[in-house]
Amino acid sequence: MDQPASVAADPHDAAHLPVLLNEVMAGLAIRPGAWLIDGTLGGGGHTGPMLVESAPDGRVLGIDGDPTAIRRITTKFGPEIASGRLIAVHGNFVDLEKIAQQQHFAAVDGILLDLGVSSFQLQTPDRGFSFSQDGPLDMRFDPTQGLSAAEIVNTWLEEELADLIYQYGEEIKSRRIARYLVAHRPFVTTTKLAQAVETAVGGRRGSRIHPATRTFQALRIAVNQELTHLEQVLPQALNLLKPGGRLAVISFHSLEDRIVKQWMQREASAYVPDKANLYGGHQRTPTLTIMTPKPLTATEQEVAFNPRSRSAKLRIAERPIPLDD
Ligand SMILES: C[S@@+](CC[C@H](N)C(=O)[O-])C[C@H]1O[C@@H](n2cnc3c(N)ncnc32)[C@H](O)[C@@H]1O
């Protein structure tokens with residue numbers, strides 16, 4: 001990969017600093033006139049530089065499930081929206097192809113998915129993503145749809161909760177936590193749930209991370225169906241890329257990164273194993289070229305400046321240009 005060009009983060013956006021910004025911009029190799037999709041608009045921290053790099057006539061289709069994010073973007077990028085260079089759509093990226101088709105985006109030059117939660121969402125207690133401030137147990141990216149975290153915690157069977165916390169939180173004390181939660185529910189606020197998890201596991205025991213961190217991660221993944229939506233968006237992103245177009249995905253935990261890594265490896269492989277026959281399989285033309293054999297991670301300076309970048313992993317792949325082109 002080329003050395004990342006230096007792209008300045010917008011100083012007005014102190015509430016949400018875009019993660020791995022230089023690496024994303026260098027990785028997408030954006031040219032003037034490019035058509036791009038930002039599937040996770042958030043505060044527009046990546047969209048802003050995408051608009052700059054694709055100027056004067058490139059276009060960005062931005063999507064976010066959170067209506068508040070769309071309102072913020074509409075204010076922040078008023079002129080770009082008015083000129084038609086940015087289209088901001090409230091929607092779920094699981095519908096990427098449908099949304100792109102509606103907005104007449106096809107054969108695009110680059111797509112970015114910066115997964116998970118924004119600092120705006122984390123820092124708004126009403127959204128219920130964080131236990132450092134008290135708020136309702138919600139955690140939905142789109143608060144107008146789907147089950148809230150409270151509905152899951154207060155209604156699911158103990159075994160279902162334990163499985164959820166184990167699988168999505170990778171929490172080895174999941175059974176103990178689920179038993180305690182079921183015995184002490186209902187829970188309506190984030191801090192009460194966090195305290196209960198802490199009690200269930202026997203306190204902090206010198207750990208640097210709060211004992212409820214994994215349980216909160218598990219609930220957020222379940223509430224927003226994050227892993228299934230990720231599995232479903234990747235092939236759609238590939239279909240939307242033109243030959244030579246690039247996909248960049250930033251993930252924040254190992255479950256997401258594994259999905260991205262394994263999917264990219266399958267698409268980049270020239271051999272498809274036969275599921276029914278251990279020794280069978282066939283050759284094919286790879287549908288992706290991996291640009292990051294190892295995921296890119298934040299520099300020490302970025303982590304010091306923006307601690308949220310600590311766990312970020314960026315993977316980039318390109319749709320190959322057919323040899324006869
Ligand atoms: C990490 S933030 C993106 C931040 C953005 N790149 C920036 O620098 O300002 C992730 C955003 O994606 C949104 N999001 C997460 N999953 C989504 C999905 N399946 N569909 C649409 N938006 C989603 C969240 O609401 C959140 O605003």
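**View 1. Lining of the second largest pocket in the predicted model.** The second largest pocket is lined by 43 residues, and those nearest its centre are Gly 65, Asn 92, Phe 141, Asn 224 and His 229. Its volume is about 740 Å³, and its lining divides into 15 nonpolar, 20 polar and 8 charged residues. Strand S2 (59–64), helix H11 and helix H12 (226–240) each supply at least two of the lining residues, with H12 giving the most, namely 4 residues.

**View 2. The ligand and its shell.** The space taken by the ligand is this second largest pocket. The ligand is surrounded by 24 residues, of which Gly 45, His 46, Asp 64, Asp 114 and Gln 121 are the closest, and this shell comprises 6 nonpolar, 14 polar and 4 charged residues.

**View 3. Polar contacts of the ligand with Asp 64, Asn 92 and Asp 114.** A side-chain N or O atom of Asp 64 is 2.7 Å from an oxygen atom of the ligand. Nitrogen atoms of the ligand are involved at the other two residues, with a distance of 2.9 Å to an N or O atom in the side chain of Asn 92 and of 2.7 Å to a polar side-chain atom of Asp 114. The ligand taken alone exposes 610 Å², of which the protein buries 98%.

**View 4. The largest pocket.** This pocket has a volume of about 1200 Å³ and is lined by 33 residues, with Leu 122, Thr 213, Gln 217, Arg 220 and Ser 311 nearest its centre. Helices H6 (119–122), H11 (213–223) and H13 (254–268) are the elements that give two or more residues to the lining, and H11 gives the most, with 5 residues. The lining of the largest pocket divides into 10 nonpolar, 14 polar and 9 charged residues.

Key
Residues numbered from 1 in each chain as written. Predicted model: local features only at pLDDT ≥ 70, side-chain atom pairs only at ≥ 80, totals over all residues. Heavy atoms only, no water. Near = heavy atom within 4 Å. Polar contact = N/O pair within 3.5 Å; in protein donor to acceptor, adjacent residues only side chain to side chain. Areas by Shrake-Rupley, 256 points an atom, 1.4 Å probe, with all protein chains shown as cover. 1 Å grid on protein atoms, 1.4 Å probe; cavity = no way out; pocket = protein on both sides within 12 Å on 5 of 7 lines; lining within 4 Å. Sits in = over half its atoms within 2 Å of the grid points. Nonpolar A, V, L, I, M, F, W, Y, C, P; charged D, E, K, R; others polar. Points joined across faces, edges and corners; volume = space filled by probe spheres on them.
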